[in-house]
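This report describes how the helices of one protein chain are held against one another. It begins with packing in the interior and then turns to charged and aromatic pairs.

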Amino acid sequence: METGLLWFCNWSTLGVCAALKLPQISALLKARSARGISLPSLLLELAGFLVFLRYQHYYGYPLLTYLEYPILIAQDIALLLCVFHFNGNVKQAAPYIAVRFVSSWYVLTLQKWIIDTAMNLCTLISAASKFAQLQYLWKMKDSGAVSALTWSLSSYTCAILLRFVIMLAFNVWVTATVLHYQKTTVKGE
């Protein structure tokens, strides 16, 4: 049962990630506008994906454990190109992608501590990406061409991991309780 559930979670997440940005790209093309899309949010998300992919590759993890990241990066680059196109800055896209992301691929592994530090910051980068999108939506007071389906699919991929976050919280809680009562027992003796 547990193996089947793990298999389902793994493959359903991979399947969702394979199509995650397609509704957003479709919405942009249909609207012929990037209104509502936060460029800083997209760049932060892309940076986080790149760091995670590079980390997994650097340490030699099996491809199946991070296969969704090359797919997400390709979709984010396509989305980035659409945003640049609809904002009238398409000529800036290629150098921007080449300089920012291709060079980062190599810089991240110049020293082991760089890739390790970058990986430790991935959750912060991801959260900053979401917050940048929220700030932009609050500022614009218009969702424009932002795809609710893309964000819903993204929520699904995170919900799969929610179990691990909940279990982490409970494990930390149990650990703290054990430490609390160990101190109490030592004081009482």
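Leaving aside residues up to four places away in sequence, Leu80 touches Leu39, Leu42, Leu43, Leu46 and Ile97. The model is a predicted one, and Leu80 belongs to its largest nonpolar core, which has 37 residues. Leu28, Phe52, Tyr69, Leu80, Val83 and Leu108 are the members that touch the most others in this core. At least two core residues come from each of helix 1 (2–19), helix 2, helix 3, helix 4, helix 5 (90–107) and helix 6 (112–120).

Confidence varies along the chain. The mean pLDDT is 82, and 90% of the residues score at least 70. Helix 3 has the highest mean pLDDT among the elements, at 92, whereas helix 8 (residues 148–188) has the lowest, at 71.

Helix 2 (residues 22–31) contributes Pro23, Gln24, Ile25 and Leu28 as its buried residues. Gln24 has a relative accessible area of 3%. A polar atom of the Gln24 side chain lies 2.7 Å from the backbone oxygen of Ala145. Beyond its neighbours within four places in sequence, Gln24 contacts Ile37, Leu79, Ala145, Val146, Ser147 and Thr150. Arg32, just after helix 2, adopts a positive phi of about 55°.

Charged residues also link separate parts of the chain. Side chains of opposite charge can pair when their charged atoms come close. The model contains 4 salt bridges, and the table presents three, including the N to O distance of each pair.

| Salt bridge | N to O distance |
|---|---|
| Glu45 and Lys21 | 2.7 Å |
| Asp76 and Lys21 | 3.5 Å |
| Lys130 and Glu45 | 3.6 Å |

Salt bridges with shared partners connect Lys21, Glu45, Asp76 and Lys130 into one network. Because Glu45 lies in helix 3 and Lys21 in the loop between helix 1 and helix 2, their pair ties together parts that are 24 residues apart in sequence. Glu45 is buried at a relative accessible area of 9%, and Lys21 is buried at 7%. The salt bridge from Lys21 to Asp76 links that loop to helix 4, across 55 residues. Asp76 is itself buried, with a relative accessible area of 0%. Lys130, in helix 7 (residues 122–140), is 85 residues from Glu45 in helix 3. Lys130 counts as partly exposed, at 26% relative accessibility.

Aromatic rings form a further set of links, with 6 aromatic pairs in the model. The rings of Phe49 and Tyr69 are arranged edge-to-face, at 5.6 Å centre to centre and 70° between the planes. Phe49 is in helix 3 (residues 39–58) and Tyr69 in helix 4 (residues 68–86), so this pair ties together parts that are 20 residues apart in sequence. Relative accessibility is 14% for Phe49, which counts as buried, and 17% for Tyr69, which also counts as buried. Tyr69 forms a tilted pair with Phe52 as well, with 4.4 Å centre to centre and 35° between the planes. This pair again links helix 3, through Phe52, to helix 4, through Tyr69, and its partners are 17 residues apart. Phe52 and Tyr69 are both buried. Elsewhere, ring pairs join Tyr55, Tyr58, Tyr59 and Tyr61 into a cluster.

Terms used. Residues are numbered from 1 along each chain as its sequence is written. This is a predicted model: local features need pLDDT of at least 70, side-chain atom pairs count only at pLDDT 80 or more; totals for chains, interfaces and linings use all residues. Side-chain values use heavy atoms; hydrogens and water are left out. Rings of Phe, Tyr and Trp (its six-membered ring) pair if their centres lie within 6.5 Å; planes under 30 degrees apart count as stacked, over 60 as edge-to-face and the rest as tilted. Helices (H or I, at least four residues) and strands (E, at least two) are DSSP runs, numbered from the N terminus. Buried means under 20% relative accessible area, exposed over 50%, partly exposed in between (1.4 Å probe, protein chains only). A nonpolar core is a set of buried Ala, Val, Leu, Ile, Met, Phe, Trp, Tyr and Cys residues joined through side-chain atoms within 4.5 Å. Contact means heavy atoms within 4.5 Å. A polar contact is a pair of N or O atoms within 3.5 Å; within protein, one must be able to donate a hydrogen and the other to accept it, and residues adjacent in sequence count only if both atoms are side-chain atoms. pLDDT is the predictor's confidence in each residue, from 0 to 100. A salt bridge is a side-chain nitrogen of Lys or Arg within 4 Å of a carboxyl oxygen of Asp or Glu.
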